[in-house]
Every structure is written in structure tokens, then in C-alpha cells.
Amino acid sequence: MGGQRILSLKQARRIALAAQGLSKGRKVQPVTARKIVSAIGSIAQLQIDSVNVVRRAHYMPMFARLGAYDTKVLDQLLAKPLSPITEYWAHEASVVSSELIQDLRVWQRRTWIDKSDGFSAEQHDLSDRVLEYLSNNPGSSARQISQALDVAPVGEKKHWGWNWNDTKFVTESLFAQAKILTLGRNSQFERRYALAADVVGTQQELDAAQRHEALARLVVRAMDALGIATAHCVAEYFRLPVRAAKEELAQQARAGLIEEVQVAGIAEPCYLQAGTKIPRRIDPDLRLLSPFDSMVFNRRRLEKFFGFEYRIEIYVPENQRRYGYYVFPMLFGEEFVGRVDLKADRARSVLHAKQVHYEPGVDASVEAGLRAELDRMARWLELERVEIGL
């Protein structure tokens, strides 16, 4: 290993949790827009998902890191022109730092909607009409654009097996190309499209020669967010090609920007930024992380670094699920100690922990921490009480 540092798994876990903003207890104080932007900037993305069993996925990571906050503040930031955050493709569809748009644009791999090469003449014409319409009507959904431009409704045409009409097809392609972006979403959770210049200002499109510089920046941001990582972890964070990520990590290691280390129990080389401090402790604050939290969306990393096996079972038939439908991993200090199948039953004003499963050997005192966290979450969700059990 030629003089490589060897870190223990505990040290690696502390570095990872600190990088993700999960090392210090949450303070009871107002959560400002600035704090939200800073927290998002540190992890680079909030994954978006339409499932609303508890609360939309992109709202949950800020609660886990900052405590109770007004989600309207996040909505306002996303709806504001020239905001420091917006929506784009990252790990998946995500809230991201606006400054990352062009870098992600040249490296995101959604070529199935990225290219307009396969557009028909009719779709090219519609693309131009959409851009013109949005120049005068920023913040419009695909449905509103269809109605305004008198495009055939959904159901009359299909693209890639989805029930998309031409407007949806064109807007998704323009969005993937970062020609249009979003001013948040409406109450139906539809993207509110606008010209990219109206969302993030005029952007200089990167050419092929600048592509490597974009990769280098994305690798740095992934390392910032991960703290310590294998090449696969870095690539997976923004869905970068693994080989390209490996080559860039090696180059940055040679330049002394990052350090290659060995972590006990992990066969692959790991990387951390030069000068990274290892936290001495992680505050014993019990948190429930949503299934799409950036701390847990890389299941392989979670198992490798934390010994915690986790799978989303939303699409698993009910009689085959092990832990439930919408299961939140339970983080206590520097260990994942269990999981909770949660549902916000709004009709009864109940936060329902339908199933709770603890890892083997977990101390019973964790139950008090779980109950306190469920109570905090219920208050934040404006639900009257908590129920545990089926």
C-alpha cells in the first residue's frame, strides 16, 4: 500500500456523516432561506420523487439536518428567478445548486430525452413555439403550454412507452438540454417551465474542450458531499461514468488535491480531500432519513461503510415486503440502528409508524429517541398524534 493511511470504519463513518450535515444535533431556532441554501449546497442535491406518503421526498432531507422548517421557504426559493437553487437531473431529478447546471448538462446521461436529433419536423416547430411561448409566459406547466398551443392532449400519442403528448416530449427534451428549466412546481406537482436564462441567468454552454473541467468540478462537489468515497461512490452521486470518475480521482490524487486511503474492511481504494479532519464524535441525535436522502440513496455505499442493508420496497408486492412500503432508515449517532415504515395519515391527523424494526443488538434506549423524533416530525407535519404499530 506504499504508505497509505489506514482509517477505521468508525473514522470513515464520521467523515461521511459530517460531510452530509448529519454530525451535529439540530438546534431549535428559525431556519432561514440562507441556512437552507447552505445545507443544500453542502450536499449538492435533494432528490425529487412524486411519492407523497409522508411528505414529498425533497422536503425531508432538510428536516433531518436542520429540524422543523417552513417548506414554503424552499418552495419560494425554487420559484424565484435567479435563485441559487433550481431543479435539474443529478443522481435523479433533483433540487441542485444552480451553478452546477452546465456541468451536469454535459455529463448527465439521459440521452433518451436529451437529443432532439430524432424530432420530426412537427416537433422541431413545436420546440420553437414552446420557447417563444415561455419567453412571454414563464412558469407554465406542460399542460398549460399544450392548451395554449392547441397541441393534441395526452393519450393521443405515446413516446418511449409513456403516455406523453408532443408537448411533454418536447419540454422534457428541452429541459434535459437545459434550454428550459423550472420555476418550482405547482400544486399538482407539475414542473413550471421557463427559459433557462430566466431561471439561472445567461449561461455559457460548455464545449467539448471544457468537458473535462466540468467533470473535475463535479468530482470535487461529489467529494465535498460524500467526505470519503470509493470511485463508484463518486460516480454514482451524479451518475457519472465510473471510468471517467476513476481517472479524474487519480489525477486529483497525483496533484495532491485528494488523498487515497485504505479503510479497514473495504477492499477498494477510498478517497478524501486533502486536509479532511476526522470528527472525534457524532452527536447522538436520532434521525429518520427518507428513502431518497443523499445519505442513503447509494445502497451499495450504505452497506459497505455502515453495514446496513437497505432496499426500497415500494414496487415489491405487499406480501413479499420485509419491512414495509415507505421505509425510513433510522440513524442514531454514527450507526444505522433500524428502520420505520411511515405514513402521514392526514385524514386522521396521525403520523403512523406502521412497523419498526431494530438491528440486532440495538440498545432498548433507542426507543425513546425514536419516539421523540416521531413527535418532532408529527409537529412539523402538523399532525396531532403518533401511532406505532399496525
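Okay, so a word before we start: when I call a residue buried, I mean it has under 20% relative accessible area. And keep in mind that this is a predicted model.

Let's begin with helix H8, residues 142-149. Which residues of H8 are buried? They're Ala 142, Ile 145, Ser 146 and Leu 149. Now, look at the spacing of those numbers. An α-helix has 3.6 residues a turn, so residues three or four places apart point the same way. And here, if you look down the axis of H8, the buried residues fall within an arc of 100°, so they line one face of the helix.

What does that face pack against? The buried residues of H8 pack against helix H7, which is 121-136, helix H9, which is 166-176, and strand E6, which is 191-195. Just after H8 you'll find Asp 150, and its phi is positive, near 55°.

Let's stay with one of those partners, H7. The axes of H7 and H8 are 11 Å apart, and the two helices pack at an angle of about 105°. Anything from 65 to 115 degrees counts as roughly perpendicular, so that's what we call H7 and H8. From H7, the contact uses Leu 126, Arg 129, Val 130, Tyr 133 and Leu 134, and from H8 it uses Gln 144, Ile 145, Ala 148 and Leu 149. Sort them by class and you get seven nonpolar residues, one polar and one charged. Ile 145 and Leu 149 should ring a bell, since both were on the buried list for H8.

Okay, on to another helix pair: H11, residues 211-226, and H13, residues 242-254. How do their axes cross? At roughly 80°, coming within 10 Å, and H11 and H13 are therefore roughly perpendicular to each other. On the H11 side you've got His 212, Leu 215, Ala 216, Val 219, Val 220 and Met 223. On the H13 side it's Ala 244, Glu 248, Leu 249, Gln 251 and Gln 252. That contact divides into seven nonpolar, three polar and one charged.

Last stop, the strands. E3 covers residues 85-89, and five of its five residues are buried, so the strand is largely enclosed by the rest of the structure. Its partner is E4, residues 93-97; the two run antiparallel and are joined by five bridges. Together E3 and E4 form a hairpin, with three residues between them. If you want a spot to click on, Glu 87 stands opposite Val 95 in E4.

Terms used. Residues are numbered from 1 along each chain as its sequence is written. This is a predicted model: local features need pLDDT of at least 70, side-chain atom pairs count only at pLDDT 80 or more; totals for chains, interfaces and linings use all residues. Side-chain values use heavy atoms; hydrogens and water are left out. Axes are lines fitted to C-alpha atoms, for helices over the stretch in contact, and angles run from 0 to 180 degrees between N-to-C directions. Helices (H or I, at least four residues) and strands (E, at least two) are DSSP runs, numbered from the N terminus. Angles under 35 degrees count as roughly parallel, over 145 as roughly antiparallel, 65 to 115 as roughly perpendicular and the rest as oblique. Contact means heavy atoms within 4.5 Å. Ala, Val, Leu, Ile, Met, Phe, Trp, Tyr, Cys and Pro count as nonpolar, Asp, Glu, Lys and Arg as charged, and the others, Gly among them, as polar. Buried means under 20% relative accessible area, exposed over 50%, partly exposed in between (1.4 Å probe, protein chains only). The arc is that of the directions from the helix axis to the C-beta atoms. Two strands pair if DSSP finds at least two bridges between them.
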